[in-house]
Amino acid sequence: MRRASLAALLLLATVSPVVAAPAEAPARIFQPQDIFGLEYAGDPQISPDGKTIVYVRNSYDIMTDRAKRAIWTIDVASGAHSPLAAGAGSYGSPRWSPDGKRLAYVSTEEGRPLLFVRWLGSGEAVRVASLPQAPGSIAWSPDGQTIAFSMFVPSDAPKLGAPLAKPEGAQWAEPLKVTTEINYKADGAGILRTGFTHVFTVSADGGAPRQLTFGEFDDRGPLSWTPDGRSILLSARRGDDWRRNGNSEVYKLSAVDGTLTALTNRNGPDDEPAMSPDGKLIAYTGYDDKLMGYHNRRLYVMNADGSNSRVLTGSLDRSVGSPQWSADGKSLYVDYDDEGVTKVGRVTLDGRFSTVATGLTGEGMDRPYSGGAYSVADNGAIAVTVGTPTQPSDIAVVQGGKVRQLTRLNQSLFAGKSLAKVEPLAVKSSFDQRPVGAWIATPPNFDPTKKYPLILEIHGGPFSAYGPAFATDVQLYAAAGYVVLYTNPRGSTSYGEEFANLIHHNYPSQDYDDLISAVDAAIAKGFVDPDNLFVTGGSGGGVLTAWIIGKTNRFKAAAVQKPVINWSSQILTSDGAVTQSKYWFGKMPWEDPEGYWRRSPLSLVGNVTTPTMVVVGEQDMRTPVGEAEQYYTALQIRKVPTTLVKVPGAGHGSFAARPSQSAAKTNAILAWFDRYRAKK
């Protein structure tokens, strides 16, 4: 049986209504090639005085088929916008010095990671350190003399047996690859190199980096200095059997002699430490691990010595992250997701909570996941990434409760184009009448008196959320004439801990009912053709797509993307094996084979009659390729119309990172759907 390639399916798409013939005028709807023209903002960093914002401007190079990253600067008062660090390399992680006169950032302009410091007054940039690995978690000391960062440190790989003597000039096969680690691979990285991440410091004027932490542990940022510049706060898993649990703790690291002191000690993660301006309190995020599928991450503060820990967001039924202190030390800022929308909240030390910014969006492009980033100036001004379903992330500033957008990166690209309109859709689950968050996108030039085919697009995770954000898949599906429905069924985050844990040890389950109820609600609007329904989703959405077509034949065709098909094989081959088995099942496959099988879409494959495309990245280590291949083979054996599409070089997280592959994948899905779409 010859396997259809991604290129072949892209060719199919070019002879279908999905892609128009060469135009004599600019296209008035969003086209696959428009992905190369998109730009989006990330990592906004506002200066201490609130007068300037630097951010990472992301774009795509059509010749290299890769993202490009540059650092741009914005004058907050005038809105003047100019490049600060741009060129042939990639530039990111900009961080202001405490006095706001210098900026540290990472560059790859010479083909390897370099740490730079730029003097804003003169515009001169100096290479502070040439590093063997990319630095992370950049943090300035309070006096501006030293920069702390984290970096991977390789170590010798384990060996078994004495190596053979290789004759000079001989060309032998690669040596054996030996591992003793339970976490020996990671999506996006492949087979992990032997080594650990540690904390370093370097003079802000340049010099040799100094390693401060050692041992067979990973020390993580963000890093936070104490006001006296003598210590650095970090998070690390250094306890017994740390590879098999998530019990990270907050540590105080001496910048003088490298002494480490644990400040927290509980069953659960403690992360993101941030020292108060006066050095008396430490904020951090975490939770008590109850072995549930999902836990709200809460904001805590404790004394500088680790005593008197107390939770500040106990009454907020949402996860919070990225804590940042106000300049006066009387409150903290955090980000959080609320019903699919990312917001910034302010929390006082007595636990009073208020929302200060909303409508944040992230850097994801293909699907409408919630997300976003922010930073706070000493005067309380907040720099945020904001967007809409028709606009990727831009930069805005929030001052005095008012939002002022400072960039419009895609204004020229979208000029004259008609994009899909996205609106909320009211849904109640047929299972228990719970409200289910949902959005519906209608095609350009939408006519509510007509009947349109519908694509149900399902998010992954499963503990994540979609929201009112820009997504190339949604826009391209709609441009091809489909109504697009996306939802947050039970198990989704941002609706509270109880809602997320409705699928605890019970996934897939009634999330199916939520999704089908959303489809019925869309049909009830009057403009969806009930005989022209299609379904797709990736990762957890791939699981649910396969589950749905094993439960019903209502859908004309399906595209199952990077799925889990057999939970037993998934648990023992994924890079998330320890987490998934411990929290999502509570038992290992050999302890509960019936439970694993009952929740595996493969158990329902005997019911499937829906024509089904299966799509997976060739380097996927989160939901390994074998999962997709099992499903494809089972469908072939049963003579269900099917096609297997592999995305070359793509992992789970980089599934749509290359613009050409993102467009080709979407075109392939549309070509598959169009093959079975009833023409009326």
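Colleague: Why are α3 and α11 called oblique to each other?

Modeller: In this predicted model, the axes of helix α3 (residues 472-479) and helix α11 (residues 659-676) cross at roughly 40° and come within 10 Å. Angles under 35 degrees would count as roughly parallel, over 145 as roughly antiparallel and 65 to 115 as roughly perpendicular, and the rest are oblique. The pair α3 and α11 is therefore oblique. Axes here are lines fitted to C-alpha atoms, for helices over the stretch in contact, with angles from 0 to 180 degrees between N-to-C directions. Helices are DSSP runs of H or I with at least four residues, strands are runs of E with at least two, and both are numbered from the N terminus.

Colleague: What is the handedness of the crossing of α3 and α11, and which residues make the contact?

Modeller: The α3 and α11 crossing is right-handed; that is, the near helix is turned clockwise from the far one by less than a right angle, where anticlockwise would be left-handed. From α3 the contact takes T472, D473, L476 and Y477, and from α11 it takes S662, K665, T666, I669 and L670, contact being heavy atoms within 4.5 Å. These residues divide into 4 nonpolar, 3 polar and 2 charged. Nonpolar covers Ala, Val, Leu, Ile, Met, Phe, Trp, Tyr, Cys and Pro, charged covers Asp, Glu, Lys and Arg, and the others, Gly among them, are polar.

Colleague: What makes α5 and α6 roughly perpendicular?

Modeller: Helix α5 (residues 511-523) and helix α6 (residues 540-551) pack at about 80°, with axes 11 Å apart. That angle is therefore in the roughly perpendicular class. D511, Y512 and L515 of α5 meet L544, W547, I548 and K551 of α6. By type, the residues of this contact are 5 nonpolar, no polar and 2 charged.

Colleague: Which strands are the edge strands of the open sheet β19-β20-β21-β22?

Modeller: They are β19 (270-275) and β22 (310-311), since each pairs on one side only. The sheet has 4 strands and antiparallel pairing. Pairing requires at least two DSSP bridges between two strands, and β19 has 4 bridges to β20 (residues 281-286). Within that pair, D271 stands opposite T285.

Colleague: How many residues lie between β23 and β24 in their hairpin?

Modeller: There are 5, and G329 in the turn has a positive phi of about 70°. Strands β23 (residues 320-325) and β24 (residues 331-338) run antiparallel and are joined by 4 bridges, with V320 opposite Y336.

Colleague: What is notable about phi of E339 and about the peptide bond from G461 to P462?

Modeller: Most residues other than glycine have a negative phi, and most peptide bonds are trans. E339 has a positive phi near 50° and sits in the loop between β24 and β25 (341-348). The bond from G461 to P462 is cis, with omega near 0°, and so is the bond from Y507 to P508. P462 is in the loop between β33 (452-458) and α3, and P508 in the loop between α4 (497-500) and α5.

Colleague: What is the average pLDDT of the protein chain?

Modeller: The chain averages 92, with 96% of the residues at 70 or above, pLDDT being the predictor's confidence in each residue, from 0 to 100. Over residues 1-21 it is below 50, although this stretch has 35 contacts beyond near neighbours in sequence. Where pLDDT is low, the predicted coordinates should not be read in detail.

Colleague: Which rules apply to numbering and to local features?

Modeller: Residues are numbered from 1 along each chain as its sequence is written, and side-chain values use heavy atoms, leaving out hydrogens and water. Local features need pLDDT of at least 70 and side-chain atom pairs count only at 80 or more, while totals for chains, interfaces and linings use all residues.
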